Amino acid sequence: MSTTPPASTPPATTASTPQPEAPQPSNMRRVATASFIGTAIEFYDYYIYGTAAALVLNEAFFPELSKTAGTLATLSTFAIGFAARPLGAAVFGHFGDRVGRKGVLVVSLLMMGLSTGLIGLLPGYATLGVWAPILLVLLRVVQGLGLGGEWGGAALLAVEHAPAKKRGLYAAAPQMGSPVGYFAATVTFLVMSTVLDDGAFQSWGWRIPFLLSFVLVAVGLVIRLKIAESPAFAKVTERRETAKAPLAEAFRKHPKEMLLGAGMITVVYVMFYTAATYCMTYTTKTLGIPKNDMLALTLVAVAVLGVSTFFVARWSDRVGRRKLIIAGAAFGVVWGAVLFPLLDTRNYVLIAVALSGALLCMGIIYGPAGAYLPELFATRVRYSGAGFSYNLGGVLGGAAAPLIVTALAENYRPSVGGWFMSAMALLSLVCVIALPETRERDLDSV
């Protein structure tokens, strides 16, 4: 009598050849949300500071200085936050590459969000005297340290969980935090300046957007505590291949990617923070355009940033990251030269076009960069490499650019500041031309 083996008997597999597990849609949505929330808070925090710096902080913390000197002093505190970011990237990148992405991202979220909220509670010069600007600087340093660890981890969270053919799409999640955070900050300031008279806004209304950061941090913390460690890093820890000194190894093995990556991303910061910070000061205080009108015009540019960031990031999965970034940088070379002439018309349509063009340049580059920078580095040093490169570009473009543009505009004429923006875009163009395409790379074999 013969017997037939049960049809349900599975084929044998060996423990040495585990089958890769496809990412589940529900898990990918959770990862995308977790990576998005941090960068949304990052840009919300930085833009409310930039807007407050343009509109009110010089009077609150530097009242004894002239208008121009007060603006430069306030923008200097803005720059200090950027100067702290590479140090934050080095520290958080070290632990992100040594012990994992998830825990480090929780700490960075708390640091940047809580320090922003505390700025909203900080008494001004009239109450604390010279201690007011000193404490403001200290809070900006803490904020910068936390922000230095944020983007790299958020981008890695999305890229290392994503299917190979959809890394650009999922890396759009942290990049979309920029326009959403920018939009939320602009709307918050617009509402406060609309419902309050100038006296109330100058006295306490500007603090409300900062205090809302406490709420955003609580929401972000709940979301981030629910995610799992990235599969790529899990493989490195299983093989016991974590780097002992990730940043040093990144510089040793990827020096070209570190420096050229920083140069490539510089134009993003130049366009964003000049348009968001100095242009707000210039149009309201030099051209005399009401601040509510400028905030409303800024929302148009934010919409352009959001649409371009998402669709270009998605497009990069089909055509590659590098050629799109080249196109964006080339566009920035042209747009820097026309930005201030358009603003000087005082025509609201042309002002919206001027700001939208600057943020369109940013979106074309920033969208693919979410996948491009992490793909340049090996898994064992990816957090340190991508994060430090991104934040080094921030020092060049975000810290220095508003100060230099302000000085050039005050000492010469505004169009000279625009030429500086074009020069920085040209620098980014040269850097990305010298870098390779990364769309087809296997993250585990870099």
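This talk goes through the side-chain contacts of one predicted model.

I'll start with the charged residues. Side chains of opposite charge can pair when their charged atoms come close. In this model the count comes to ten salt bridges. Take R382 and E160, where the closest N and O atoms are 2.9 Å apart. R382 belongs to helix α17 and E160 to helix α7, so this salt bridge ties together parts that are 222 residues apart in sequence. Are these two residues buried or exposed? R382 has 0% relative accessibility, so R382 counts as buried. E160 comes to 6%, and E160 counts as buried too.

Next, look at E375. One salt bridge joins E375 to R167, with 2.8 Å between the closest N and O atoms. That pair links distant parts of the chain, with E375 in helix α16 (residues 348–375) and R167 in helix α8 (residues 167–195), 208 residues apart. E375 also meets R321 in a salt bridge, at 2.7 Å from N to O. Here R321 sits in the loop between α14 (291–319) and α15, while E375 is in helix α16, so the parts tied together are 54 residues apart in sequence. How exposed are these residues? E375 is buried, with a relative accessible area of 0%. R321 is also at 0% and buried, and R167 is buried at 3%. Together with D317, the residues R167, R321 and E375 are linked in a network of salt bridges.

Now the aromatic rings. A pair of aromatic rings is described by the distance of the centres and the angle of the planes. The count here is 13 aromatic pairs. In W151 and Y390 the ring centres are 4.0 Å apart and the planes are at 10°; planes under 30 degrees apart count as stacked, so this pair is stacked. W151 is in helix α7 (residues 150–161) and Y390 in helix α17 (residues 382–411), which puts them 239 residues apart. Both W151 and Y390 are buried. Helices α7 and α17 came up earlier, with E160 and R382.

A second pair is Y282 with F340. Their centres are 5.6 Å apart and their planes at 80°, so the pair is edge-to-face. Y282 lies in helix α13 (residues 255–286) and F340 in helix α15 (residues 322–343), so parts 58 residues apart in sequence are tied together. Y282 counts as buried at 6% relative accessibility, and F340 counts as buried at 0%.

There is also an aromatic cluster, formed by Y49, F61, W206 and F210. The charged end of R140 sits over the ring of Y49, 4.1 Å from its centre. Elsewhere, K291 lies over the face of F201, at 5.3 Å from the ring centre.

What about disulfides? A search of the whole structure finds zero. Why does C361 not form one? The closest cysteine sulfur, in C279, is 13 Å from the sulfur of C361, too far for a bond. For C431 the closest cysteine sulfur is in C361, 14 Å away, which is again too far. C361 is buried at 0% relative accessible area, and C431 is buried at 8%.

Last, the surface. L110, L114, L118, L121, L212, F214, V215 and V219 make a nonpolar patch of about 630 Å². Which helix gives the most to the patch? That is α10, with four residues. Both α4 (101–119) and α10 (207–224) supply at least two residues each. L110 is found in helix α4, and L110 is partly exposed, with a relative accessible area of 30%.

Methods:
Residues numbered from 1 in each chain as written. Predicted model: local features only at pLDDT ≥ 70, side-chain atom pairs only at ≥ 80, totals over all residues. Heavy atoms only, no water. Disulfide = S-S within 2.5 Å. Buried < 20%, exposed > 50% of the residue type's maximum accessible area, 1.4 Å probe, protein only. Patch = residues over 30% accessible without salt bridge, like charges linked within 9 Å, V, L, I, M, F, W, Y side chains within 5 Å. Areas by Shrake-Rupley, 256 points an atom, 1.4 Å probe, with all protein chains shown as cover. Salt bridge = Lys/Arg side-chain N within 4 Å of Asp/Glu carboxyl O. Phe/Tyr/Trp six-rings, centres within 6.5 Å; stacked < 30°, edge-to-face > 60°. Lys NZ or Arg CZ within 6 Å of the ring centre and 35° of its normal.
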